[in-house]
Amino acid sequence: MLSTNPFSGTDADRTAIWNMLVQRDIQAYCQANWQLVEKDFLANEFFAVNAGNQADPGKWNLAFSSLEQYRDEWLRQAKLASDTEYAEPLEEAVHAATRLEEIEIADGRAIARKQFNGKIKKTNGEVDILLWQTLYYLKKTEDGWKICGFTGYLPYTA
């Protein structure tokens, strides 16, 4: 079963952000289809930090200084997932592991905390473990909310 937007009908901005970061992102990833999400980014402002599951910010690094670098890695990972034989529907499993319940908005900017906590079974008996969180940085534009960057692979906290 796919996730239901907890903000639907109560908050237009948070609904739009959730739809972008959960519904559209998971669908695009599971289909390895970058075109579904490419317009969700502000390319000229984008950068991303990889926390590497480390609590110490001194161990984090600038993983992507451009959207093109991120796109290429995103596509690589999405292709690996699409080539993997899962014992359950991938999109449903990623939805089951994903939570986005905290979005702070102020002055046309937002921070969204997306958490991953779950396992996806493979047909060979192995599992992919999803256990981290990402902070997305967003900006409201004339075309709606856009991703400026993120800090990803932060240690998971409840």
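The largest pocket is lined by 29 residues, and those lying nearest its centre are Tyr-29, Gln-77, Phe-116, Trp-132 and Tyr-153. Eight elements each give two or more residues to that lining: α1 (12–31), β1 (47–50), β2 (61–64), α2 (67–83), α3 (90–97), β4 (109–121), β5 (127–141) and β6 (144–154). Helices and strands here are DSSP runs, H or I over at least four residues for a helix and E over at least two for a strand, numbered from the N terminus.

Some housekeeping before going on. This is a predicted model, so local features need pLDDT of at least 70 and side-chain atom pairs count only at pLDDT 80 or more, while totals for chains, interfaces and linings use all residues. Residues are numbered from 1 along each chain as its sequence is written, and side-chain values use heavy atoms, with hydrogens and water left out.

Back to the pocket. Its volume is about 700 Å³, and α2 gives the most to the lining, with seven residues. By class, the lining has 20 nonpolar, four polar and five charged residues. For those labels, Ala, Val, Leu, Ile, Met, Phe, Trp, Tyr, Cys and Pro count as nonpolar, Asp, Glu, Lys and Arg as charged, and the others, Gly among them, as polar. As for what a pocket is, the search runs on a 1 Å grid over the protein atoms alone: a pocket is an open set of points with protein on both sides within 12 Å along at least five of seven lines, a cavity is a set where a 1.4 Å probe fits but cannot get out, and lining residues have an atom within 4 Å of a point. Grid points are joined across faces, edges and corners, and a volume is the space filled by probe spheres set on the points.

What about cavities? A search of the whole structure finds one of 30 Å³ or more, and the largest cavity holds about 70 Å³ of space. Its lining is made by Met-20, Leu-21, Asp-25, Trp-34, Val-37, Asp-40, Phe-41, Tyr-70, Trp-74, Tyr-136 and Ile-147. Both α1 and α2 supply at least two residues of this lining, with the largest share, three residues, coming from α1. By class that makes nine nonpolar, no polar and two charged.

Tyr-153, met above beside the pocket centre, sits in strand β6 and has an unusual backbone angle to look at. Most residues other than glycine have a negative phi. Phi of Tyr-153, though, is positive, near 55 degrees. Tyr-153 counts as partly exposed because its relative accessibility is 34%; buried means under 20% relative accessible area, exposed over 50%, and partly exposed in between (1.4 Å probe, protein chains only). Asp-107 also has a positive phi, about 55 degrees, without being a glycine. Asp-107 lies in the loop between β3 (98–106) and β4, and it counts as exposed because its relative accessibility is 82%.

Now for charge pairs. Side chains of opposite charge can pair when their charged atoms come close. The whole structure has 12 salt bridges, each a side-chain nitrogen of Lys or Arg within 4 Å of a carboxyl oxygen of Asp or Glu. One of them joins Arg-113 to Glu-102, with the closest N and O atoms 2.6 Å apart. That pair links distant parts of the chain, Arg-113 being in strand β4 and Glu-102 in strand β3, 11 residues apart. Arg-113 is buried, because its relative accessibility is 15%, whereas Glu-102, at 44%, is partly exposed. Another bridge pairs Arg-14 with Asp-11, the closest N and O atoms being 2.7 Å apart. Asp-128 and Lys-122 make one too, at 3.2 Å between the closest N and O atoms. Glu-45, Arg-109 and Lys-139 are joined into one network by salt bridges that share partners.

Finally, a look at the outside. Val-127, Ile-129 and Leu-131 make a nonpolar surface patch of about 250 Å². Leu-131 belongs to strand β5 and counts as partly exposed, because its relative accessibility is 39%. Patches take residues with over 30% relative accessible area and no salt bridge, joining like charges within 9 Å and nonpolar side chains (Val, Leu, Ile, Met, Phe, Trp, Tyr) within 5 Å. Accessible areas come from the Shrake-Rupley method with a 1.4 Å probe, and for residues only the protein chains shown count as cover.
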